[in-house]
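Let's go through this one together, in questions and answers, with the surroundings of the ligand as our starting point.

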Amino acid sequence: MRRKLVVGNWKMHGTLASNAELLAGLRAAEPFVCEAAVCAPFPYLASCVLALQGSHIALGAQDCSAHEQGAYTGEVSVAMLADIGCRYVIVGHSERRAYHGETDQLVADKAKAVVAKGLVPIVCVGETLAEREAGHTAEVVKRQLSAVIHTLGHCMPQAVVAYEPVWAIGTGKTASPEQAQEVHALLRAQLRAATSHADQMRLLYGGSVKADNAASLFAQADIDGGLIGGASLKAADFTAICRAAL
Ligand code: PEP
């Protein structure tokens, strides 16, 4: 039985004050049946660690460097994220692939750097609207996941995979539970071919998940929780989504 995981991706939002209010709201709503985590912007991770002391809500980052350390101005290493108390690191979010030119191999290298320090990479895969309309969804997500499978090797089961159709992110358009399940089943099959632990791995869905559609998405056989953008910024909304993950 896989315990569901619900992760908030705050993206480039928040202030010290609004983060404190959000985390206080989430803490007041604990405990959840699912595992819950929030991925905050880098400058706020330290204050989030303090605000989450004694809580079961885990902390994550939204990106990391693929390098271990060195002359990489502006980059943040996984060792730093581990040092400060992060458990999760999102890698390969479509916004990073689209706006920062991240390739499948760079995403895989980042996932490897995360695993090397004992943290959990949340590896995002997903097709654009044009790719879906051209009938290329399966090919695209399999290619993205394949790079990670080959780079992580026997460590693959330590990763979480998030299927995030690009056309559903921040658009208010959600994949139907059946559309999402269809891709999750493909990804699960690909993982089964690579590791005997595929059935223990968690596959999250992300893309305009809200309180009112979360339960039907999370009820699908291969959907083990969600990666939540916009709806993770309000305690009441994120709490309702966590409560829908049973
Ligand atoms: C995301 O950014 O990972 C995401 C799923 O965003 P939203 O929930 O706002 O679509």
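Q: How many nonpolar, polar and charged residues does the shell around the ligand have?
A: This is a predicted model, and a residue joins the shell when one of its heavy atoms lies within 4 Å of the ligand. There are 14 residues around the ligand, with Lys 11, Glu 164, Gly 170, Ser 208 and Gly 230 coming nearest. Glycine counts as polar in this sorting. By class, the shell comes to 4 nonpolar, 8 polar and 2 charged residues.

Q: How much of the ligand does the protein bury?
A: Let's begin with the polar contacts, where the cut-off is 3.5 Å between N or O atoms. A backbone N or O atom of Gly 170 is 2.7 Å from a ligand oxygen, and one of Ser 208 is 2.8 Å from a ligand oxygen. For Gly 229, a polar backbone atom sits 2.9 Å from an oxygen atom of the ligand. The ligand taken alone exposes 290 Å², and the share of this that the protein buries is 97%.

Q: Which helix gives the most to the lining of the largest pocket?
A: The largest pocket holds about 480 Å³ of space. It is lined by 20 residues, and the closest to its centre are Lys 11, Met 12, Gln 62, Arg 96 and His 100. With 3 residues in the lining, spanning residues 94-99 as a helix, the top contributor is α4.

Q: What is the lining of the largest pocket by class?
A: Here Met falls under nonpolar, while Lys and Arg fall under charged. Sorted this way, the lining has 9 nonpolar, 6 polar and 5 charged residues.

Notes. Residues numbered from 1 in each chain as written. Predicted model: local features only at pLDDT ≥ 70, side-chain atom pairs only at ≥ 80, totals over all residues. Heavy atoms only, no water. 1 Å grid on protein atoms, 1.4 Å probe; cavity = no way out; pocket = protein on both sides within 12 Å on 5 of 7 lines; lining within 4 Å. Points joined across faces, edges and corners; volume = space filled by probe spheres on them. Helix = DSSP H or I, 4+ residues; strand = E, 2+ residues; numbered from the N terminus. Polar contact = N/O pair within 3.5 Å; in protein donor to acceptor, adjacent residues only side chain to side chain. Areas by Shrake-Rupley, 256 points an atom, 1.4 Å probe, with all protein chains shown as cover.
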